[in-house]
Amino acid sequence: MKRIVLTGGGTAGHVTPNMALIPNLQEAGYDIQYIGSYDGIEKELITGIDIPYHSISSGKLRRYFDVKNFTDPFKVMKGYLQASKLLKQLKPDIVFSKGGFVSVPVVLAAKHRHIPCIIHESDMTPGLANKLAIPSATKVCCNFPETLNYLPNGKAVLTGSPIRQELFEGNKERGLSFCGFTSDKPVILVIGGSLGAVAVNNAVRESLDELLKHFQIIHLCGKGKVEPSLQQKQGYVQFEYIKKELSDLFACTDLMISRAGANAICEILSLRKPNILIPLSAAASRGDQILNARSFEKQGYSFVIEEESLTKESLIDAVQTVYKNRNSYIDAMNKSELADPIQTIMGLIEENRKK
């Protein structure tokens, strides 16, 4: 039996693309094992789908001063030794890493054990974890044409990000019914990220009276971010987070407002949804979401509002512009080269695994 080790964690974005690959890997006859941290989100997600899960020590490598910088390197070293021992026991034919700091010791240990390793970089420029992992990788997958300039020749492959098949299986009528909406007004879906986004939430709520004249709005606002005073507002529904109904909500959506995390925007592209991206500001991140959003804007997929320019007026103007020109955004997305990320990555796995 062919065996693959998947790794990646810390955020859902480092796990869900791995989960998207799992049905195809199973169909291709792979025994699948997962290596993640002791208590990261990856453990909850992977054990929930009945894939064998192995925990290792994980430390975060920071670019800024923190007292944990003195102890976390020892956690990383421990994680490397644990990963090396696990790989010796599991004897996989290949490792696939979606990134996050827990993946670094796994990738390094794979090279030490002479096991081929494919890694995936979601953002425009590699994050610190993948920068450390790239020299040990056999191939490096990416989402943006611009990213090829940051990766070694011969390793880089433009694949796009694996998208969960169930996202394409939604039903518009079920989505409208779930929200209590009618079919005579278009629907906006707002996604601020798994933790919500205060700036996005506030701008949307300030714009409600104007937007609800022409649209119905689904607002995924994040844990603890529901606004009770708006619960009864006609044509507006709020949820902290949606799981099983998400595909139905996508199916009934005509326009999306979203942060610009790489996996989120790849899902938007795959679903061909006209969209407004509001990237996390450079002050609150390393600026990767801004680069992601600008790439999508350049390719004609998205309209971008920088967080510093986000106001009630700018949001309303953007919604009106994008909805009016929605077909041009859909046409541009239909021309995307990233047609089938899963099959492209499956091809790389088959080509590079130990024979």
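**Exercise 1. Determine how E297 and R294 are connected and how accessible each one is.**

E297 and R294 form a salt bridge, and their closest N and O atoms are 2.6 Å apart. A salt bridge here requires a side-chain nitrogen of Lys or Arg within 4 Å of a carboxyl oxygen of Asp or Glu. The model is predicted, so local features need pLDDT of at least 70 and side-chain atom pairs count only at pLDDT 80 or more, while totals for chains, interfaces and linings use all residues. Residues are numbered from 1 along each chain as its sequence is written, and side-chain values use heavy atoms, with hydrogens and water left out.

Step 1. Both residues belong to helix 11 (residues 288–298), where, being three residues apart, they are separated by about one helical turn. Helices (H or I, at least four residues) and strands (E, at least two) are DSSP runs, numbered from the N terminus.

Step 2. E297 is partly exposed at 32% relative accessibility, and R294 is partly exposed at 33%. The classes are buried for under 20% relative accessible area, exposed for over 50%, and partly exposed in between (1.4 Å probe, protein chains only).

**Exercise 2. Identify the elements tied together by the salt bridges R3–D31 and R174–D248.**

Step 1. In the R3–D31 salt bridge, the closest N and O atoms are 2.6 Å apart. R3 lies in strand 1 (residues 2–7) and D31 in strand 2 (residues 30–37), so this pair ties together parts that are 28 residues apart in sequence. R3 is partly exposed, with a relative accessible area of 25%, whereas D31 is buried at 18%.

Step 2. For R174 and D248, the closest N and O atoms of the salt bridge are 2.9 Å apart. Since R174 lies in helix 6 (residues 172–179) and D248 in helix 9 (residues 246–251), the pair ties together parts that are 74 residues apart in sequence. R174 is partly exposed, at 46%, and D248 is buried, at 9%.

Step 3. The count of salt bridges comes to 10. K2, E350 and R353 are linked in a network of such bridges.

**Exercise 3. Describe the surroundings of E210.**

Step 1. E210 is placed in helix 8 (residues 208–211) and is partly exposed, at 27% relative accessibility.

Step 2. The side chain of E210 makes a polar contact with the side chain of K213 at 3.1 Å. A polar contact is a pair of N or O atoms within 3.5 Å; within protein, one must be able to donate a hydrogen and the other to accept it, and residues adjacent in sequence count only if both atoms are side-chain atoms.

**Exercise 4. State the strand order of the open six-stranded sheet and locate its edges.**

Step 1. The order is 10-9-8-11-12-13, with parallel pairing. Two strands pair if DSSP finds at least two bridges between them.

Step 2. Strand 10 (236–239) and strand 13 (303–304) stand at the edges with a single partner strand each, so one side of each is left without a neighbour in the sheet.

Step 3. Strand 8 (residues 187–191) and strand 11 (residues 255–258) run parallel and are joined by four bridges. The bridge partner of I191 in strand 11 is S258.
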